[in-house]
Amino acid sequence: MKSSPVVHFEMPAKDRKRVSEFYSKVFGWNMKQLGEDMGNYIVAQTTETDENNMVKTPGNINGGFWQTDEENVPPHVVIAVDDIEEATKEVEAAGGKVVGGQQGNGEPDDIPGIGIYSSFIDTEGNRVGMLQPHTPMR
């Protein structure tokens, strides 16, 4: 069986401070806001990580929040893949549409210290992320 686990979740947030306080207070998550160069993204650490920011407990995932003023934007998940180019071809062959990284031009983004990221729209209209980690998952 091919293994491509869900490794990250992302949810929209209208107010970065409010969402950080909420998840920190309610669930004890460590919330870290990144700078403008990373789109003011908030990393949500839900579980312990190692020196490469990879989760220590198999099956646990971390996530993040992005700023938006749009209504009813659904959360999405990020799936780890061994080869993002091959996964992109498989998405397209199966009827999905590759969106790409933050620019939306079909090209992936290299997230420093993390991996190569791209997103796609599946056959049901869901936006899903793919990540080829810089540090192998296995």
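A salt bridge is a side-chain nitrogen of Lys or Arg lying within 4 Å of a carboxyl oxygen of Asp or Glu. The structure examined here is a predicted model.

**Salt bridges**

Side chains of opposite charge can pair when their charged atoms come close. Searching the whole structure gives three salt bridges. The table lists them with the N to O distance of each.

| Acidic residue | Basic residue | N to O distance |
|---|---|---|
| E71 | K14 | 2.3 Å |
| E21 | K17 | 3.9 Å |
| E48 | K56 | 3.3 Å |

E71 and K14 are joined by a salt bridge of 2.3 Å, N to O. This pair links distant parts of the chain, with the two positions 57 residues apart in numbering: E71 is in the loop between β4 (62-67) and β5 (76-80), and K14 is in the loop between β1 (6-13) and α1. E71 has a relative accessible area of 56% and is therefore exposed, since exposed means over 50%. K14, at 38%, counts as partly exposed.

The salt bridge between K17 and E21 has an N to O distance of 3.9 Å, and it still qualifies because the cut-off is 4 Å. Both residues are in helix α1; they are four residues apart, so about one helical turn separates them. K17 is exposed at 60% relative accessible area, whereas E21 is partly exposed at 47%.

In the salt bridge of E48 with K56, the closest N and O atoms are 3.3 Å apart. With a relative accessible area of 51%, E48 counts as exposed, because the limit is 50%.

**Aromatic residues**

How many aromatic pairs are there? The count comes to six. One of them is formed by F9 and W29, a tilted pair with 5.7 Å centre to centre and 45° between the planes. The F9 and W29 pair links distant parts of the chain: F9 belongs to strand β1, while W29 is in the loop between α1 and β2 (30-33), and the two are 20 residues apart. Both F9 and W29 are buried.

Y23 and F27 form a stacked pair, 5.8 Å from centre to centre with 25° between the planes. These two residues are four apart in helix α1, so they are separated by about one helical turn. Y23 has a relative accessible area of 16% and is buried, because buried means under 20%.

Both pairs belong to one aromatic cluster, formed by F9, F22, Y23, F27, W29 and F65. Two members of this cluster, F22 and F27, also appear at the surface: together with V26 they make a nonpolar patch of about 300 Å². F27 lies in helix α1, which spans residues 16-27.

**R127, W66 and S119**

Which ring does the charged end of R127 sit over? The charged end of R127 sits over the ring of W66, at 6.0 Å from the ring centre. R127 is also one of the residues in contact with S119. S119 is found in strand β8, residues 115-121, and is buried at 2% relative accessibility. Leaving aside residues up to four places away in sequence, S119 touches V98, V99, G100, R127, V128 and G129.

How values were computed: Residues numbered from 1 in each chain as written. Predicted model: local features only at pLDDT ≥ 70, side-chain atom pairs only at ≥ 80, totals over all residues. Heavy atoms only, no water. Patch = residues over 30% accessible without salt bridge, like charges linked within 9 Å, V, L, I, M, F, W, Y side chains within 5 Å. Areas by Shrake-Rupley, 256 points an atom, 1.4 Å probe, with all protein chains shown as cover. Buried < 20%, exposed > 50% of the residue type's maximum accessible area, 1.4 Å probe, protein only. Phe/Tyr/Trp six-rings, centres within 6.5 Å; stacked < 30°, edge-to-face > 60°. Lys NZ or Arg CZ within 6 Å of the ring centre and 35° of its normal. Contact = heavy atoms within 4.5 Å.
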